[in-house]
Amino acid sequence: MEKKNIDWSSLGFGYIKTDKRFVANYKDGAWDNGTLTEDDKVVINECAGVLQYAQTCFEGLKAYTTEDGHIVMFRPDLNAARMKDSCERLEMPVYPEDKWVEAVAKTVEANAAWVPPFGSGATLYVRPYMFGSNPVIGVKPADEYQFRVLTTPVGPYFKGGAKPITIKVSDFDRAAPHGTGHIKAGLNYAMSLHAIMTAHEEGFAENMYLDPATRTKVEETGGANFIFITKDGKFVTPKSNSILPSITRRSLMVVAKEYLGLEVEEREVLFDEVKDFAECGLCGTAAVISPVGKINDHGKEICFPSGMEKMGPTIQKLYDTLTGIQMGKIEAPKGWIYTI
Ligand code: PLP
Ligand code: COI
């Protein structure tokens with residue numbers, strides 16, 4: 001199959017219209033069969049639930065070209081399960097998990113020409129999402145919903161690719177205690193927009209959010225979870241019920257333990273102990289693993305010994321192993337790779 005004529009290596013993390021997208025509608029208590037369409041426009045009522053009360057959630061995963069030319073996805077079943085959790089928390093109908101994976105696979109297949117070639121540094125980002133589509137004016141869930149899957153080829157999430165970034169401790173919260181921080185609700189990202197603009201204006205790439213109840217524990221950034229490496233080589237990642245359970249992080253915990261033989265701790269991480277870690281990174285589908293070189297806490301800097309030039313040695317190993325598994329260069333644990 002002929003690939004699109006794109007300079008894959010210069011792609012940033014942005015939207016490019018691809019050929020096909022999947023659309024299914026929920027009405028009278030049931031989903032229709034859904035279909036692939038070329039129409040990239042959504043037409044909904046002016047009073048649609050999503051427009052008035054932000055009733056929407058989404059997922060993010062990637063399709064890759066392996067070294068031997070197959071198109072694969074990484075653990076899409078976990079995205080399907082997480083979207084189920086998001087829908088249930090937002091009083092939205094679940095799109096059945098097996099059908100969800102099927103719809104995502106069909107959409108990727110229909111856009112195979114847009115899946116960046118092996119070794120290009122780019123991937124096809126897949127964005128399944130759902131929203132309340134019928135008019136709602138009293139505060140209540142919609143009765144009708146649309147589930148869509150769009151795809152767009154992407155490069156690195158942070159400018160500069162694998163160079164360490166500097167982040168700041170945010171004065172804002174992205175989630176509330178007992179709120180929606182653990183699901184992928186659009187509203188969480190609306191919450192984070194002012195905070196990210198503030199961080200950017202001050203020259204930082206991202207925010208480190210602390211726990212909203214006590215502001216003493218590390219949570220996550222606007223779009224990725226944290227991982228840390230201790231000076232004695234342990235893998236540490238924060239546990240909290242107000243962060244998104246990252247599929248990348250759950251996978252890295254396995255990679256760290258089973259492939260690299262590291263001790264793995266998923267636990268509460270006090271902000272006060274961050275200064276003692278040797279390496280820090282952000283992990284997620286979009287971020288992959290982006291190294292953090294510096295954290296600014298209201299003018300006080302935490303500088304990781306791994307510096308601002310390159311990834312620390314352990315995070316580099318985690319990155320190489322994870323991306324090796326995703327791209328089919330390293331054998332994956334059973335069930336991790338879904339071949340289109
Ligand atoms: N945290 C937030 C807030 C995110 O938006 C994402 C992205 O999906 C992640 C973490 C990373 O999750 P995953 O590894 O499943 O992409
Ligand atoms: C992802 O990593 O898939 C996300 O949804 C994060 C988003 C901020 C781009």
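**Entry 1: the cores**

I began with the largest nonpolar core of this predicted model. It holds 42 residues, and Phe228, Ile289 and Leu318 have the most contacts inside it. Next I looked up which elements supply at least two residues each: they are strands E9 (165–169), E11 (225–229), E12 (235–238), E14 (279–284) and E15 (288–297), together with helices H4 (186–201), H5 (247–259) and H6 (313–326). H6 gives the most, with 5 residues. I also found another core lying apart from this one, with 40 residues, including Tyr64, Val108, Ala142 and Val154.

**Entry 2: Leu318 and Leu252**

I wanted to know what Leu318 touches, leaving out residues up to four places away in sequence. The list is Leu252, Val255, Ala256, Leu260 and Ile289.

Leu252 seemed a good residue to follow up. I placed Leu252 in helix H5. Is Leu252 buried or exposed? I counted 27 other C-beta atoms within 10 Å of Leu252; the cut-off for buried is 20 or more, so Leu252 is buried. With the same sequence neighbours left out, Leu252 touches Ile227, Cys283, Leu318 and Leu322. I also checked Leu252 against Glu268: the two are 16 residues apart in sequence, and their C-alpha atoms are 17 Å apart in space.

**Entry 3: helix H4**

I then tested the length of H4. Its 16 residues, at 1.5 Å a residue, should span 22 Å, and the C-alpha atoms at its ends are 23 Å apart, which agrees. H4 is bent all the same, by about 35° at Leu193.

Which residues of H4 are buried? I noted Asn188, Met191, Ser192, Ala195, Ile196 and Ala199. An α-helix has 3.6 residues a turn, so residues three or four places apart point the same way. That is handy to keep in mind when reading the list. E9 and strand E10 (206–208) are among what covers these buried residues. After H4 comes Gly203, with a positive phi near 90°.

**Entry 4: the two ligands**

Around ligand 1 I listed Gly60, Glu220, Gly223, Ala224, Asn225, Leu244, Ser246, Ile247, Thr248, Arg249, Gly284 and Thr285. By class, this shell has 3 nonpolar, 7 polar and 2 charged residues. H5 gives the most to the shell, with 3 residues.

What surrounds ligand 2? Here I found Gly60, Gly223, Gly284, Thr285 and Ala286. This shell divides into 1 nonpolar and 4 polar residues, with no charged ones. On comparing my two lists, I see that Gly60, Gly223, Gly284 and Thr285 appear in both.

Note on methods. Residues numbered from 1 in each chain as written. Chains lettered and ligands numbered in written order. Predicted model: local features only at pLDDT ≥ 70, side-chain atom pairs only at ≥ 80, totals over all residues. Core = buried A, V, L, I, M, F, W, Y, C linked by C-beta atoms within 7 Å. Buried ≥ 20, exposed ≤ 12 C-beta atoms within 10 Å, placed from the backbone. Helix = DSSP H or I, 4+ residues; strand = E, 2+ residues; numbered from the N terminus. Contact = placed C-beta atoms within 7 Å. Near = placed C-beta within 6 Å. Nonpolar A, V, L, I, M, F, W, Y, C, P; charged D, E, K, R; others polar. Expected span 1.5 Å × (residues − 1). Bend = angle between axes of the 7 residues up to and from the residue.
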